[in-house]
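Reader: I'm new to this one and would like a relaxed tour. Could you show me what we're looking at before I start asking?

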Amino acid sequence: MIPLSYFLVFAAALFSIGLYGVLARRNAIAILMGVELMLNAVNINLVAFWRYITPTQIAGQAFAVMVFAVAAAEVAVGLALVISIYRRRNTVVADDIDLLKF
Amino acid sequence: MTIAFEPWMYVAVLPEILLVVLTLVVLGLDLALPEERRGGLGWLTAGGLTAIILVGFAVAMPAGEPRLMWGGMLRHDWLGFAFKLTALFAAAATSLLSMDLAQVGKRGEYYLLLLASTLGMMLMGSAADLVMLYLAIETTSIPLYVLAGFLTRDDKSTEAGFKYLLFGAMTSAVMLYGFSLLYGFTGSTNLYELASLAQAGQLSLASVFGSLLLVLVGFAFKISAVPLQFWAPDVYEGAPTPVAGFLSTASKAAGFAVLVRVLMAVFPGIQPYWGAVISALAVATMTLGNFFALSQKNIKRLLAYSSIAHAGYALIGVAAISMPGSTLGATSVVFYLITYVVTNLAAFGAVAAVGRVTGSDEIASYAGLSRRSPWLALVLLVALLSLSGMPPFGGFVVKFAVFAAAVEVNLIWLAVIGVLNSIIGLYYYLTVLKVVYLYRSEEEDKPMPVPGGYALGLLVLCVGILLIGTLFAPWFSFSSGAAAALF
């Protein structure tokens, strides 16, 4: 069987890619996609831990299901907010959305 | 660990159940009522929330030992109860303060989102399981993203909602990664099971500390602690003013509730380490908040930086909890937050009442306010002096409690920095009051109308500030009950 550590390293890599995307990308949609990658990394973690550590209990699986349900809600709200800002400004580039600053 | 279902569990979550009912009633009425009659929804929301608070006091008060319920998802204890009622109170005050605001007050979905987010905060206060905690935090956050961007025709509001969402989504993903690691290290998602495993020494220090830092990212965002404070001024400035008040009080208090519960439950084994981390956060947060507040021209940004500074003061209490032998720590934090919620809601309420007439949040536009509306000026006076920690008001008593908690566990240097910061704070609060009371303006003969909702809301909040400041003892015992049952 594939060792647990493979899954964890994969999840950590995916999480880092997502975090890099969030921090480095300028397009709002791409930033949201980065967040999705981070949440997917969490799901891989949860499911792998469930399978290898507590296969008889349902908690890990249930947690993963909750995470992607909530992630879907978050993205729905996120895209709605992006649309409302696009209607006002005609841009989704985060750097141009800079009315509020010190 | 299995927790069998028992009927008392329904009674313990009766406030939450009633809140869901109220949410559905508001949703139904929003659909059924013609548009011109929807103004009553604000009164309905505030009245319903007040009724739920009374029901909570009557039946859902924790008695005896704290108990886990609903399969270990929630815990019935004083900490959760105190923060539940605080969230309900803040939501009631917020709906009173928003109902006369154009584009907000007559929209049913506004109250719907407010109530949904309040439900999340109540669950955050009593969540005892990582799954529940995550769900509660997101139930709080997602409606708040929408509320911050509620004015879709306003450039600043849409931008505020957008920024809040991006930072919120990112930090909650990092926090969730921490949760998944905690689950992986222990094989359990229940906080109190995690606690017993951590105490049994089955976890390596490094793994726990690493997970702690990831989790702390999410919590620091919710309480707007340095280095995750940068969203607060932007979001508060852009969001509708009552929403900014709600964000800076109820949302922050709920964040502190989970911070205290998680750190005390899961990480007692590494208390000295996180004590150092929290102390550093407290110093950075209050100092940075106060220094940035000094140069603000916009009152909502000023209050945002002031609320960052107040998160720092509350963190002093959290740092005190981490030291061995602290008896005042948890008490002072709970106490501080309840008072802070009441005070800051009054400040934002007054700002909303002024802003709806003048259309501006610049401090310069407050010139002549004491002549245009002496009562609003008085509310600002009470709220800002309480925030700065002046004796007859609530703010003094709680600052005293937090600093006392720090001195008790020999964190005297931390208390000294806190006192120095309070002096800086006093300067910028008094600058605002100087404009309000001493500066004249050409419009000062035009009286400023204060609608009924604002009058009632601000009256209740000001009476609250004075009561906390003068009747110190009953509040203190209320919060020490909350603190005693933490474990």
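Reader: How much space lies in the second largest cavity?

Author: First, a heads-up: this is a predicted model. The search for cavities of 30 Å³ or more comes to five. For the second largest cavity, the space is about 50 Å³.

Reader: Which helices each supply at least two residues of the lining of that second largest cavity?

Author: The lining includes Ile137(B), Glu138(B), Ser141(B) and Tyr145(B), along with Gly168(B), Thr171(B), Gly218(B) and Phe221(B). Put those numbers against the helix ranges of chain B, 130-148, 155-186 and 205-222. The helices that each give at least two residues are H6, H7 and H9.

Reader: By class, how many charged residues does the lining of the second largest cavity have?

Author: Glu138(B) and Lys222(B) are both among the lining residues, and Glu and Lys count as charged. Besides these, the lining has four nonpolar and five polar residues. The charged count is two.

Reader: What about the largest cavity, how much space lies in there?

Author: This one is lined by residues including His310(B), Tyr336(B), Ser386(B) and Lys399(B). By class, its lining has four nonpolar, five polar and one charged residues. The space inside is about 60 Å³.

Reader: Which helix gives the most to the lining of the largest cavity?

Author: Three helices of chain B each supply at least two residues there: H14 (329-358), H16 (374-388) and H17. Tyr336(B), Thr339(B), Tyr340(B) and Thr343(B) are all on the lining list, and their numbers fall within the range 329-358. With four residues, the top contributor is H14(B).

Reader: Let's turn to the rings. How many aromatic pairs does a search of the whole structure find?

Author: Two rings count as a pair if their centres lie within 6.5 Å. Over all chains, the search of the whole structure gives 22. One of these pairs joins Trp231(B) and Tyr236(B), with 6.0 Å centre to centre and 90° between the planes, which makes it edge-to-face.

Reader: Are Trp231(B) and Tyr236(B) buried or exposed?

Author: The cut-off to keep in mind is that buried means under 20% relative accessible area. Trp231(B) has 2%, and Tyr236(B) has 0%. Both values fall under that cut-off, so Trp231(B) and Tyr236(B) are buried.

Reader: Which residues form one aromatic cluster with Trp231(B) and Tyr236(B)?

Author: Two of them, Tyr145(B) and Phe221(B), came up earlier in the lining of the second largest cavity. The rest of the cluster's members come from the same chain letter, B. Besides Trp231(B) and Tyr236(B), the members are Tyr145(B), Tyr164(B), Phe221(B) and Phe348(B).

Reader: How many residues apart in sequence are the parts that Tyr313(B) and Phe403(B) tie together?

Author: These two rings form an edge-to-face pair, 6.5 Å centre to centre with 85° between the planes. Both residues are buried. Tyr313(B) lies in helix H13 (residues 299-321) and Phe403(B) in helix H17 (residues 394-408), so the pair ties together parts whose separation in sequence is 90 residues.

Reader: And chain A, what is its radius of gyration?

Author: Chain A has three helices and zero strands, and its C-alpha trace spans about 50 × 25 × 25 Å along the principal axes. A compact globule of 102 residues would come out near 13 Å, but chain A has 17 Å.

Terms used
Residues numbered from 1 in each chain as written. Chains lettered and ligands numbered in written order. Predicted model: local features only at pLDDT ≥ 70, side-chain atom pairs only at ≥ 80, totals over all residues. Heavy atoms only, no water. Phe/Tyr/Trp six-rings, centres within 6.5 Å; stacked < 30°, edge-to-face > 60°. Buried < 20%, exposed > 50% of the residue type's maximum accessible area, 1.4 Å probe, protein only. 1 Å grid on protein atoms, 1.4 Å probe; cavity = no way out; pocket = protein on both sides within 12 Å on 5 of 7 lines; lining within 4 Å. Points joined across faces, edges and corners; volume = space filled by probe spheres on them. Rg over C-alpha atoms; globule rule 2.2 N^0.38 Å.
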